[in-house]
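Got the viewer open? Let's take a walk through this one together, one selection at a time.

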Amino acid sequence: MRYLPHSSADRRTMLASIGVFLIDDLFADIPEEVAAAFRPLGLPPKSEQEVVAALTDLSARNAAVEKTCFIGGGIYDHYAPSLVDHVLSRSEFYTAYTPYQPEVSQGTLTAMFEFQTLISELTGMDVANGSLYDGATAAAEAVLMADRIRSRGRVAIARTLFANARRVLETYGWASGTEVVELPMLASGRTDLTDVPDDVSAVLLQSPNALGVIEDLAGVKERIGDALLIVSINPISLGVLAPPGDFDADIVVGEGQPLGLSMAYGGPLLGLFATRAEHLRQMPGRVSGRTVDAEGKTGYTMAAQTREQHIRRERATSNICTNSALCALAATVYLATVGAEGLRHVAELNLEKAHYLADRIAEIEGFDLPFSGPFFNEFVIRPSEDATAVQRRLLDAGFLVEAPEGLRSFGVENGLRIAVTERRTRAELDRFADVLGGAR
Amino acid sequence: MKTIFDHPQREGIGGLFPELDVPRIGAEGLIDRALLRSQEPRIPDLSEPTVVRHFTALSKLNYGVDDGFYPLGSCTMKHNPKVNETLARLPGLAGLHPLADPDLAQGTLAFLYELSDLLSRIAGMPGISLQPVAGAHGELTGLFLFRGYFEARGETERRRILLPDSAHGTNPASAAVAGFSVSEIQSNDAGMVDLDALDAELDETVAGIMLTVPNTLGIFEERIAEVTDRIHAAGGLCYFDGANLNAFIGRARPGDMGADVFHFNLHKTLSTPHGGGGPGAGPIAVSEPLVEFLPVPSIEQNGEAYALVWDRPNSIGSVHSFYGNVLVAVKAYAYLLQLGDEGLRAVSEDAVLNANYLQERLKKTYPLPYDRLCKHEFVLSGKGLAEGVCTLDIAKRLIDYGFHPPTVYFPLIVREALMIEPTETESRDGLDRFAEAMERIAAEAREAPELLLDAPHQAPVRRLDQTRAARDLVLTYPFDDREGGELA
């Protein structure tokens, strides 16, 4: 085995120094009946070359990657600058553990501090954590946190949350005894906030929402009494959109994949989580804090650890230990590389191109856009013919579009959700519209 | 160390994204002005060379497995095979959208299915979910399954989880998040679950027990079957924390020990890197009675094709946005294919050999409170080495000798604990050098304790003021103080 350094002679010497004869003697404490029940996998070892060949073959069976991607739903086909992966490939970063020993982890801790700052800036909040698993668990953690603060055992969520976030939230809510009530949707695709129950710990909105529609966050905070306002965001959209902090949100969460991460069939992802300073002690997840060393030099260490499970055990604010540190590093490098200017530019490219395509489709007979609310880079179209047939035709023409079933839970029986990122060229958009036109 | 906010900025960098190729309307023409950003976020505009040098400089302040010995107990910091990094970057895998129709994602679904099958057989348990993305996430998911199981049986009064006092800190936290209360079970003199203490807790309010096998002292529970039998007889379920699978992979299976849920840490046992704190992966294996409660979707084989199955009425729902950390799973899969049965058995053999070799040598210098054959790790005590010197000082001094410190102050049942896990990928020479350093540090503690008390001397920073970090929380860059510029 190439990963094992010992020679047979090493092993013999080491066994002798321990005072046993056989390797098996070291396993004498495994109960006999357990050892006897063991069954091997029947798996012969393979060479590195064979394994690379096998996985390369498998990767070629993912026909979706050969197509031009128009799927969104929280995960987008964005361009990641080459620099991101170059930094991520430095093994000082990727082969390190959680920074328990800060003196030999200043790289990770400094980057985490930068990440917290960048996410706070982007969302308009006071503080962000060092990451959670993904956008869905971040939303669930936000709901649990809000219910720890307000203790009403109930939260209200928009119907237009991404379906996966909704599923995860319901699972966490069920287990923790937090009831989830749904806020209905207006014809515009926005959330109806006229009748928010007054006994909820929090109101959770997503903007842009699962239909692509940007919610009107102005005045929401006043309308919901002292319930906490949680907003789930798309980080790229905040290159042009006002951050939830401008609307006095209490907690902001989101899926960080657009910030330089590959789509990766949905994992690893990056859970974004930011809040106001007053709620910091209830925030789940790791944070890096600035301090000084024995000589007064600036350094970083994990801070506010009294919230965490190795100190508080069953009273910890969450059980999060391993998170998405390397993905947070990717987002940090991405934002440092594109800068505020690049972020605005890429956000504008998404916005303009999505509207260009939406306008072209709206002109095609037999298609309409059912929701009138403003959108960023994702929107719903409604064909007069069967949406599955339209999806098929687009796939045959080389365009990857999501199946229409995903929209049914939002009352859209026959629609397609279309996402347009900066990677889509005008030629692709025109061809896409042409295929729809011909598909009528 | 400068942060990215301390470098000189310049405007008009550009060059990453193309110019707009459709007619420009402008954000104000598309979206109500009230919804648009009015103030730029303070994200610096930096040239590429500035960014490269910044992050390269940061990387050099870190210590990873590729830099040297990293005996962090219970974390299994083994070598991360390089081929795995290459495979996870294959465009056909990395570029796959999770909402693509499953028939266009057959390659990825195939290996996820194959990996699930291998994990199921390694655990000796019939059900698998790849959704949990960390060990603690696996714990949480497993406890959700406990909830689902007891709700389905109408035994909703079973809300108590038993935990040995040697348990990982995430165990009680996960139990609490899943809505359980925790009762601690004391260990006996041999460091194992005290069966009398266990019996005293067993009643109809017990949902189950969370065990770590071998336990966090590195000791195999010799009466494991008795423990799990008693829990089952009392109507409870057994959770096995898989952080320590490296001790027996290829030789024994948790399913044969009575486990109902077992989580794998792919980022420990199956060689995927830790990434400075994630992403990891914490798939779970479950016993037959829990299979129906597993998260949706599951991945199933349908003739030649693989499918995502959502229609499972008793499922607890989902615990992740999609299907877990797929690009971590591919690394674990490649690792298993390379090792095969032979390699897996060799892993636990050398892991246990290395731990016992080090234990045998170091117990001559450091107290070993539980002195017996260990598995993949062991726990020394830094107590009583010399007046005024504690475990933290030993840990920091190890940095000066070029080693990553062990896990310290855990498990809680050993005072001044130093928890050492060498893993199978460390050479005998490497182990000897570490042992020499530990012996020299013990001598220094008596003869020149200030070398320990002031350590580290050779790290990028000296010992950091944790009290100040906790008292004056500074968690974001203080832009307003930038003019003051005290930064080194």
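Start with both chains on screen, and keep in mind that this is a predicted model. Our first stop is the boundary between the two. Across the interface of chain A and chain B, 92 residue pairs are in polar contact, counting pairs with both residues at pLDDT 80 or more. If you colour chain A's side of that boundary by element, look for α11(A): this helix gives the largest share, 27 residues. Now recolour the side of chain A that touches chain B by residue class, and you get 100 nonpolar, 53 polar and 43 charged residues.

How much area do chain A and chain B bury between them? About 17100 Å², with 63% of it on carbon and sulfur atoms. In residues, 196 from chain A are in contact with 209 from chain B.

The boundary has salt bridges too: 12 of them between chain A and chain B. To see one, select Arg11(A) and Asp350(B) and show their side chains. They meet in a salt bridge, at 2.6 Å from N to O.

**Chain A by itself**

Hide chain B for a moment. Chain A has 440 residues, and 67% of them count as buried. Switch to the cartoon view and you can go through its 13 helices and 14 strands. Reduced to a C-alpha trace, chain A spans about 85 × 50 × 50 Å along its principal axes. Try drawing contacts within chain A as well: among those between residues at least 6 apart in sequence, 70% join residues at least 24 apart.

Next, colour chain A by domain. The assignment gives domain 1 as 8–50, domain 2 as 64–79 plus 339–438, and domain 3 as 82–334. Notice that domain 2 is written as two stretches, so select both 64–79 and 339–438.

**Where domains 2 and 3 of chain A meet**

Keep domain 2 and domain 3 of chain A in view. Their C-alpha centres lie 27 Å apart, and the contact takes 31 residues from domain 2 and 29 from domain 3. The two domains bury about 2500 Å² between them, 66% of it on carbon and sulfur atoms.

Which three residues should you pick out here? Go for Ile75(A), Phe376(A) and Phe410(A): they supply 26% of the area that domain 2 of chain A buries against domain 3 of chain A, more than any other three residues.

You can skip hunting for salt bridges across this interface, as the rule finds 0. There are, however, 5 residue pairs in polar contact between domain 2 and domain 3 of chain A, with both residues at pLDDT 80 or more. On domain 2's side, α11 (325–362) and β12 (378–383) of chain A each supply at least two of the touching residues. α11(A) gives the most, with 6 residues.

**Over to chain B**

Bring chain B back and colour its two domains: domain 1 is 84–338 and domain 2 is 346–469. Their centres, taken over C-alpha atoms, are separated by 30 Å. In chain B, 26 residues of domain 1 are in contact with 20 residues of domain 2, and the area buried between the two is about 1700 Å², with carbon and sulfur atoms giving 58%.

How many salt bridges are there between domain 1 and domain 2 of chain B? The count is 2. For a last stop, zoom in on Glu222(B) and Arg372(B), whose side chains meet in a salt bridge at 2.8 Å, N to O.

How values were computed: Residues are numbered from 1 along each chain as its sequence is written. Chains are lettered from A and ligands numbered from 1 in the order in which they are written. Side-chain values use heavy atoms; hydrogens and water are left out. Domain bounds come from an automatic or database domain assignment. Contact means heavy atoms within 4.5 Å. Buried area is the accessible area (1.4 Å probe) that two parts lose on being put together, summed over both. A salt bridge is a side-chain nitrogen of Lys or Arg within 4 Å of a carboxyl oxygen of Asp or Glu. A polar contact is a pair of N or O atoms within 3.5 Å; within protein, one must be able to donate a hydrogen and the other to accept it, and residues adjacent in sequence count only if both atoms are side-chain atoms. Helices (H or I, at least four residues) and strands (E, at least two) are DSSP runs, numbered from the N terminus. Ala, Val, Leu, Ile, Met, Phe, Trp, Tyr, Cys and Pro count as nonpolar, Asp, Glu, Lys and Arg as charged, and the others, Gly among them, as polar. Buried means under 20% relative accessible area, exposed over 50%, partly exposed in between (1.4 Å probe, protein chains only).
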